[in-house]
Amino acid sequence: MTPLIPSELLQKSEKILFIAHLALGDFTYLQNGFRAFAAAYPHIQIHLWVDEVRRTSDATQWEGLRTYSLYDWVEESGLFAKIYRKTYSPALYAESLREAKAEHYPVVVSLAHVRPQQYADLARAITPEGLVIGTRKPISPLRPWHYFSYRKIDAVLTPYAGEDAGEHHISGVYADWFHQLTGLDIPVAERYPFVHIPEAALQQAQAQLASWGFDARKGPLVLLNPFAKSHKRGWPLERIAELIARMQKQPKWADACFLINAMPQELAKVNAMVQSRGLQRTQAFSAVDNFFQLPAMLAQCDLIISVETSIMHLANAVHVPVVALMRKKNPEWAPFDSANSTVLTAAQRSDWVKAISVDQVLQVIG
């Protein structure tokens, strides 16, 4: 396969811009591609445009979007010389676009898999004369104007170009993207999710557990996460309460302590449920200060039970066994480390995660 970015262009380029609508799960695996690229082309500065798909004119939402925890991880990764992170309001988006145009990028790559035509337009707007590479979807007869957006792309990044057949884990898809772009080969062993947790965050997690009276010497620590951005991927909070109550009656988990992970806006609901159910040795937890609070707390656990969201991938990154509750719809997003992961899948493709029962979870955790 001939790389989409000519080698001579890579050798003479001083910088490259990648455009992505990142979530924590995406970066868990994409970072391995960026790391491999940085090692292969140390003379090229990697710039990253993080597009906020929730961009809004509603000023009341800006603070939450501005402090999205992903930015902590991206900025601390050390992989990027420049990050465009102020794209959450129309005015800031326009300001970022002017700033990006002034960079005169020789290469702009869109890694978008949602609304790729929109990002084809953006990439070409940023670099009128440079090489633009982007993803695309089949053109629907109902949206023929997408054709004109895709014409702005010089080369197409395909969903998966490998010769092997079958379904592919998302880490393999992302590794293949960098192979298409530059010819880089990223071995499976180098696709493992990772996160470097600051020592201060680890100490904070340990201090928080101590303040709750949780002692690792007395029993295991279990974190449960029922929340996802999509209701289809969430698990009812009542099931979490039932699961904890039933686990506490089993000898294996009789002395366990439990954390229920929640978004900050869900903490009051979780606390109310814990009190109303009289759940002992159970606390609500949320990473309210920065991203690294989350993996630092996950690293203290003996078991993580999570719906299909970034937590199940971060569990692999901190090497803690995880039970993942998933739909059938996106098997490529299963946890990477099969040896330390148990996947419970809803029976039918149309089923939501709530179709998975407490009994099923109890059966796999023993």
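Residues E242 and R246 both lie in helix α10, four residues apart, or about one turn of the helix. In this predicted model, the two side chains form a salt bridge whose closest N and O atoms are 3.1 Å apart. An α-helix has 3.6 residues a turn, so residues three or four places apart point the same way. E242 counts as partly exposed because its relative accessibility is 33%, and R246 is likewise classed as partly exposed, with a relative accessible area of 31%. R246 also meets the side chain of D359 in a salt bridge, with an N to O distance of 2.6 Å. This second pair links distant parts of the chain, since R246 belongs to helix α10 and D359 to helix α14, 113 residues apart. D359 is partly exposed, with a relative accessible area of 47%.

Helix α10, which spans residues 237–247, also contributes buried residues, namely L237, I240, A241, L243, I244 and M247. Viewed down the axis of α10, these buried residues fall within an arc of 165 degrees, so they line one face of the helix. The elements that cover them include strands β7 (221–225), β8 (257–261), β9 and β10 (303–307), together with helices α11 and α14 (358–365). Helix α14 thus appears both in the cover of the buried residues of α10 and in the salt bridge between R246 and D359.

In total, twelve salt bridges are counted in the model. One of them joins K82 and E103, with the closest N and O atoms 2.8 Å apart. This pair also connects distant parts of the chain: K82 is in strand β3 (residues 82–84), whereas E103 is in the loop between α5 (90–101) and β4 (107–110), 21 residues apart. Both partners are buried, K82 at 18% relative accessibility and E103 at 19%. K82 and E103 further belong to a network of salt bridges that includes K15 and E99.

A contrasting case is D26, in helix α2 (residues 24–40). D26 is buried yet has no salt bridge, and the nearest side chain of opposite charge, that of K229, is 7.7 Å away. Apart from neighbours within four places in sequence, the residues in contact with D26 are H21, H113, Y174 and W333.

Two residues other than glycine have notable backbone geometry. Most residues other than glycine have a negative phi, and most peptide bonds are trans. R281 has a positive phi of about 50 degrees and lies in the loop between α11 (267–277) and β9 (282–285). R281 is partly exposed, at 33% relative accessibility. For H319, phi is positive and near 60 degrees; this residue lies in the loop between α13 (310–317) and β11 (322–326). H319 counts as exposed, at 53% relative accessibility.

On the surface, I139, W145, Y147 and F148 form a nonpolar patch with about 440 Å² of accessible area together. Within this patch, W145 lies in the loop between β5 (131–134) and α7 (146–150) and is exposed, at 52% relative accessibility.

Finally, Q206 is found in helix α9 (residues 199–211) and is partly exposed, with a relative accessible area of 43%. The C-alpha atoms of Q206 and Q300 are separated by 7.6 Å, although the two residues are 94 residues apart along the chain.

Technical notes: Residues numbered from 1 in each chain as written. Predicted model: local features only at pLDDT ≥ 70, side-chain atom pairs only at ≥ 80, totals over all residues. Heavy atoms only, no water. Helix = DSSP H or I, 4+ residues; strand = E, 2+ residues; numbered from the N terminus. Buried < 20%, exposed > 50% of the residue type's maximum accessible area, 1.4 Å probe, protein only. Lys, Arg positive; Asp, Glu negative; His and termini not counted. Salt bridge = Lys/Arg side-chain N within 4 Å of Asp/Glu carboxyl O. Contact = heavy atoms within 4.5 Å. Patch = residues over 30% accessible without salt bridge, like charges linked within 9 Å, V, L, I, M, F, W, Y side chains within 5 Å. Areas by Shrake-Rupley, 256 points an atom, 1.4 Å probe, with all protein chains shown as cover. Arc of directions from axis to C-beta.
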